[in-house]
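Grab a viewer and work through the exercises below. Try each one yourself before reading its solution.

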Amino acid sequence: MDFSLSDEQAMLKDSVMRFVGDRHGFDKARAHATAADGFSRDDWARFAELGWLMLMIPEAQGGIGGRLEDAAILMEGFGRGLVAAPYASTAVVAAGLLARAGGADDLLADIAGGEALVALATEEARSRYDLLHVETEARVADGGFVLRGAKIVVPDGASADRFIVSARLSKTIALFLLAADAPGLEIRRYRTIDGRRACDLAFADAPARLLMHDAAETLSRAVDEASLLLAAEAVGGMQAAIELTADYLKTRQQFGRTLSKFQVLTHRVADMFVKLENARSMLLRGLAAAGGGSAEARAAAVSATMVTIIQAGEFVCGQAIQLHGGIGMADENAVGHYYKRLRAIARTYGDLDFHRQRHLRLTVGDRSAA
Amino acid sequence: MDLSFSPADEAFRHEIREALRGLVPPDMARRTRQGFHPTKADLKLWNRILNDHGWAAAHWPREHGGSGWTPLQVHIFEEECAAADAPFPSYFGLRLVGPLLYTFGSEAQQCRYIPDILTGDTFWCQGFSEPSSGSDLASVRTTAVRDGDTYVVNGQKLWTTEAHYADRMFCLVRTDPDLPPQKGGLSMLMFPMTTPGITVRPVITIDGGHSVNEIFFENVRVPAEELLGAEGQGWDHAKFLLANERITNAHVPRAKRDLALLKEMAAREAAEQGGGLDLDEVDRRIAQLQIDLDGLEWSVLREVIGGSGNPAIASGLKIIASELQQRMTELAVDIVGVRGRIAYDEADLDRNDLPGNPPDYVPGLAARQLFLRATTIYAGSNEIQRGIIAKQQFGL
Ligand SMILES: Cc1cc2nc3c(=O)[nH]c(=O)nc-3n(C[C@H](O)[C@H](O)[C@H](O)COP(=O)(O)OP(=O)(O)OC[C@H]3O[C@@H](n4cnc5c(N)ncnc54)[C@H](O)[C@@H]3O)c2cc1C
């Protein structure tokens, strides 16, 4: 075991920290949140220049062939800077699925160049994070496939120009690709609590290209990887919220002294730190499990990571607001934005209850069946 | 000791429930259930309806326009109002400045202000906190300098709830820069928000809503007759209010209504939104909330009926109630799953194509959960309340 960063990883970390530090302060994040896409297209072009958008594309398909740990380094930086760009969804999850499916090298090249945004749509009105609960149906028509059904709250969906969609094809779950302007596809775009943009999709016999059939396990893996990236983002966000809070305690005065003189507040910051570091360990544990081993072991480990992250996020960012007092409640202060992002992460690919249940199922099993 | 509700209390509840039937306009009831900040129009209308029945200030003594009910009857009344999805009436006139006026105000001030508070024709706001004076309220810097028979006010207030709805403010000002507040440095002034020199700017909170404001005073001239009580009594007035606030802020009636809605919501979500919701887990959390709310309710009843007047008890109620409100809305958002991520726009609620195609209980929940982070901060933060308990109860 070696927890230190490789030279390449150290460089990656350095460059994302520099990007966030120099070019992406809280003012920028706020401005992006009010822009139409909810993120900066200029930043996206810069990501392409920096090679970040090809990081996770396999070498054989023209990319760098990075590992999930590498993407996690970027995501931690994005979390710190409240960067809302659709990195995880397009450059990791969609790129990963397209690479595995094969036959999409042109689209991968477009992703690498920053020209294509692709979102994964799995959640449905009644699915409650269960990837196997798919009511959207695909059927053969005119020698191709058409989709019928609906998806809701697609992460980063509002700006995507293509969607990867899970749908039922006879008895299995398959993945399809279609463009945002496909006939029979209706898109409803809107904001989420973290100021980002999601969308609902309604398919009325929308023609789509089959990417992969019998895709349940591939999909499950992709979404677990997405969860880990959000976990990395959460770690970056928590770290920033704690630093802001500690700085605030050193400067804010009440009762003729700085808040840092009140031990109840400094101990709270200490607790926040302890939870953050525990969450960071669980992020690494999750990343380790995603790198090898059985599908069950991976899923259980990812759920354990997410349970820890979600609990830590609520405490750390909630208390960051609390220790700021009224100003923590103001939209113009950064801490509330970290809180909202953490709460959004905590209900994107599964919430606390979902991950606890999944962990229980995978580690204890079904007692009634025994 | 008699620990039961008497038949007369039950009869009273029945009578109120009957009288309230149909009184809350359906669209107002729906907005209340959705949990966004109440609109000014709703607050005004509901105030007027209550006043038509003589109920606007049910909790006040009869001689000042109250109902003359017992504290238990008032509690029952408020519970029934909440159950009927009525909004909680505007706080600042009926809960804060009204009692201040009938306790400390001159005859002339009472005549001038109280009737319009009862009808809801005048809305008030509370100008206490400032950018550098929050928990440490005694340090307020906004000054009022006597000039003949007026005061000239300069300074800034922050977090003033409903200042954009309000016609008048009661404002804590420094009238003597040399005296500490406890020794007479602060005073309470009342003035119209339209007085020249007042600027109100919205402060948007993390829920995206506008309920608080930032206020600037530039040479605002206030007639000296608008002083409450005598110059230098401001700190006593502030302490009187903060003590009142801790108990009203328990919001038990509203919490009971919220919990009832939570139970309905859980059942509907499980039935209509598929089997993924772990109803057992939700039920366990609801049971815990119910038990905690029962404890809070009995503590409030003990206090409003028994009246220990112990500030440590009142502070404890504020801590429990604020945390309970937060936990209830956290559960509500958890119940609705991925839709808890959607930022519903209050202006869109009448559309029939809302994002995520949600059941009617969904919009408003996420915003309310975010806003309720403030309950542990305002009305004396929970850290401050713990300090009060340690000091008042144990001399620590
Ligand atoms: C939504 C909202 C509505 C409000 N409405 C009104 C209103 O209508 N009118 C009005 O006048 N005010 C209003 N307030 C202001 C509110 O009363 C203050 O925010 C509150 O008193 C805290 O003050 P502060 O924000 O300056 O925080 P600070 O006092 O700076 O506190 C920051 C942190 O330090 C802690 N702290 C401070 N002192 C101590 C201590 N001695 N020991 C331990 N911990 C300490 C606090 O608990 C908090 O965690 C409102 C605030 C909010 C958020």
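**Exercise 1: Place the ligand**

The ligand sits between chains A and B, in a model that is predicted. Work out which residues come nearest to the ligand and what classes make up its shell.

*Solution.* Start with the residues around the ligand: there are 29 of them, and Arg252(A), Gln322(A), Ser135(B), Thr161(B) and Ser381(B) come nearest. Next, sort the shell by class, which gives 15 nonpolar, twelve polar and two charged residues. Then look at the helices: helix 8 (263-290) and helix 9 (295-324) of chain A, plus helix 12 (382-394) of chain B, each supply at least two shell residues. Helix 9 of chain A gives the most, with three residues.

**Exercise 2: Check the polar contacts**

Find what the ligand's oxygen atoms meet at Ser135(B), Phe128(B) and Gln254(A), using a cut-off of 3.5 Å between N or O atoms.

*Solution.* Take Ser135(B) to begin with: an N or O atom in its side chain is 2.6 Å from a ligand oxygen. At Phe128(B) the partner is a backbone N or O atom, 3.0 Å from an oxygen of the ligand. Gln254(A) uses a side-chain N or O atom, 3.4 Å from a ligand oxygen. Now for burial: on its own the ligand exposes 960 Å², and the protein buries 93% of that.

**Exercise 3: Classify a helix pair**

Decide how helix 7 and helix 10 of chain A are oriented to each other.

*Solution.* Helix 7 (residues 216-251) and helix 10 (residues 334-345) of chain A pack at about 155 degrees, their axes 10 Å apart. Angles over 145 degrees count as roughly antiparallel, so helix 7 and helix 10 of chain A are roughly antiparallel to each other. Finally, the handedness: helix 7 and helix 10 of chain A make a left-handed crossing.

How values were computed:
Residues numbered from 1 in each chain as written. Chains lettered and ligands numbered in written order. Predicted model: local features only at pLDDT ≥ 70, side-chain atom pairs only at ≥ 80, totals over all residues. Heavy atoms only, no water. Near = heavy atom within 4 Å. Polar contact = N/O pair within 3.5 Å; in protein donor to acceptor, adjacent residues only side chain to side chain. Areas by Shrake-Rupley, 256 points an atom, 1.4 Å probe, with all protein chains shown as cover. Helix = DSSP H or I, 4+ residues; strand = E, 2+ residues; numbered from the N terminus. Nonpolar A, V, L, I, M, F, W, Y, C, P; charged D, E, K, R; others polar. Axes fitted to C-alpha atoms, helices over the stretch in contact; angles between N-to-C directions. Parallel < 35°, antiparallel > 145°, perpendicular 65-115°, else oblique. Left-handed = near helix turned anticlockwise from the far one by under 90°.
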